[in-house]
Amino acid sequence: MSPMSNANSITPTELSPFVYWSQTKGQLLLKVDLKDAQGVVAEFTNTTLSFAATGHGARGRNAYKFQMRFFLPIDDETATFSVTDQKIELHIRKAEPAWWLRLIATPQKPHWLRIDFDRWRSEDDGDKNEAVRDVREDYIEEYNKLQKQEIGYVREHAKKVYLIIYNLAMLVGYLHILLIMGVLYIRDGSDSIKHTYEYVGTSFKFVQLMQYLEVMHPLFGYTKGSPLVPFFQISGRNFVLFLMIEMEPRMHAKPVVFYVFIIWSLVEIVRYPYYVSQLLKRENGLLTWLRYTIWIPLYPMGLVCEGVILLRSIPYIEETKRFCIDMPNKWNSTFDMVLFVKIYLLLLALPGSYLVMSHMSKLRAKKLGRGRAKPKVN
């Protein structure tokens, strides 16, 4: 058997266990025929699966492994596996509910892949709704080689090019801010801190507004995930930047503005190059580690700085009555901005910080754990 080129075959030196598969419209179930398995690793992307384990299979007790490219995308975030004495089961959710014509991308089926007839269901048992697929996805590497031979380069999709340009532009924006702050600090020392907003406030407002494009990306299918997550994250920063800092000139010279700008910028100059590396499919271990580790010191410091800005703004709002609405008025309603900021500060300090930290902790465990699926508790 030839070396694997489409993630559906193995090299002659590798042993593969028998794998039995079945499906429903929304789920895949893979049963790996290995007894007394140990060291089970299942690494998922939205299109591939890499499996390795030691157990008793068709060739006795050995190390077994296999890789496959799925027929259509899966939801790799929710994929799990469970291990028993007799077998290993992988539970996979399809990205879009549909009956698959086959499990793997290529029509050639490896000898170790078989149908689990005991659990098999077909499209006749449900709705007849076949998903449209691009046959080029079945032979990605071969198609890319042909493109290079024919036109000299690999033609990228317009949305991928746009995302690369967007992420690079945002990286340049935050690097520009950090460089200006650094040069001024080297030149003027601590005296430059009180002039931070004067020098980079306009640039920071621009890049922060540009980040709202990240809310639009999942809406138009450019990225995965919910638009609500980036919306709340970006809006939280902009609430502090535009309402608490921009609208109150006395806040401009506060040292906390300097520190929060440094923290926000450091997070972004790691995040955006990481996204570029993912788009270009050029994994960088150090960059991945930084992306999912640098938040550990920076997020708590950022939350403290934002909290300080909110606390320092409360006396100014009480004095100016900015954003407050008093009776009587034509809407027959009132709004106390001071009370709103206090409630916002309470939510930021308790549930807000917990949700952010727990979310990033789960992502870190997944990414730095090499994408391993979580064992399913029996």
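**A tour from Met244 outward**

Select Met244 first: setting aside residues up to four places away in sequence, Met244 touches Phe239, Met251, Ile309, Leu310, Ser313, Ile317, Met337 and Val341. Bear in mind that this is a predicted model.

Next, widen the selection to the nonpolar core. The largest one has 40 residues, and Met244 is among those with the most contacts inside it, together with Phe204, Phe261, Ile309 and Val341. Colour the helices to see where the core comes from: α2 (158-188), α3 (196-210), α5, α6 (255-279), α8 (295-320) and α9 (337-368) each supply at least two of its residues. The largest share, 9 residues, is from α6. Apart from this core lies another, of 30 residues; to find it, select Phe66, Leu72, Ala79 and Trp112, which are among its members.

Now turn to the annotated segments. An unreviewed UniProt entry carries the annotation "transmembrane region" for residues 161-186, 257-274, 294-314 and 335-357. Select 161-186: the span is 100% helix and 0% strand, and its end C-alpha atoms lie 37 Å apart. Then select 257-274, where the chain is also 100% helix and 0% strand. Here the distance between the end C-alpha atoms is 26 Å.

Last, go to the surface. Select Leu213, Met216, Leu219, Phe220 and Tyr222, which form a nonpolar patch with about 480 Å² of accessible area together. Centre on Phe220, in the loop between α4 (213-219) and α5 (228-246). Is Phe220 buried or exposed? Its relative accessible area is 60%, so Phe220 counts as exposed, the cut-off being over 50%.

Methods:
Residues numbered from 1 in each chain as written. Predicted model: local features only at pLDDT ≥ 70, side-chain atom pairs only at ≥ 80, totals over all residues. Heavy atoms only, no water. Patch = residues over 30% accessible without salt bridge, like charges linked within 9 Å, V, L, I, M, F, W, Y side chains within 5 Å. Areas by Shrake-Rupley, 256 points an atom, 1.4 Å probe, with all protein chains shown as cover. Salt bridge = Lys/Arg side-chain N within 4 Å of Asp/Glu carboxyl O. Helix = DSSP H or I, 4+ residues; strand = E, 2+ residues; numbered from the N terminus. Buried < 20%, exposed > 50% of the residue type's maximum accessible area, 1.4 Å probe, protein only. UniProt positions renumbered as here; feature names shortened; annotations may be inferred. Core = buried A, V, L, I, M, F, W, Y, C linked by side-chain atoms within 4.5 Å. Contact = heavy atoms within 4.5 Å.
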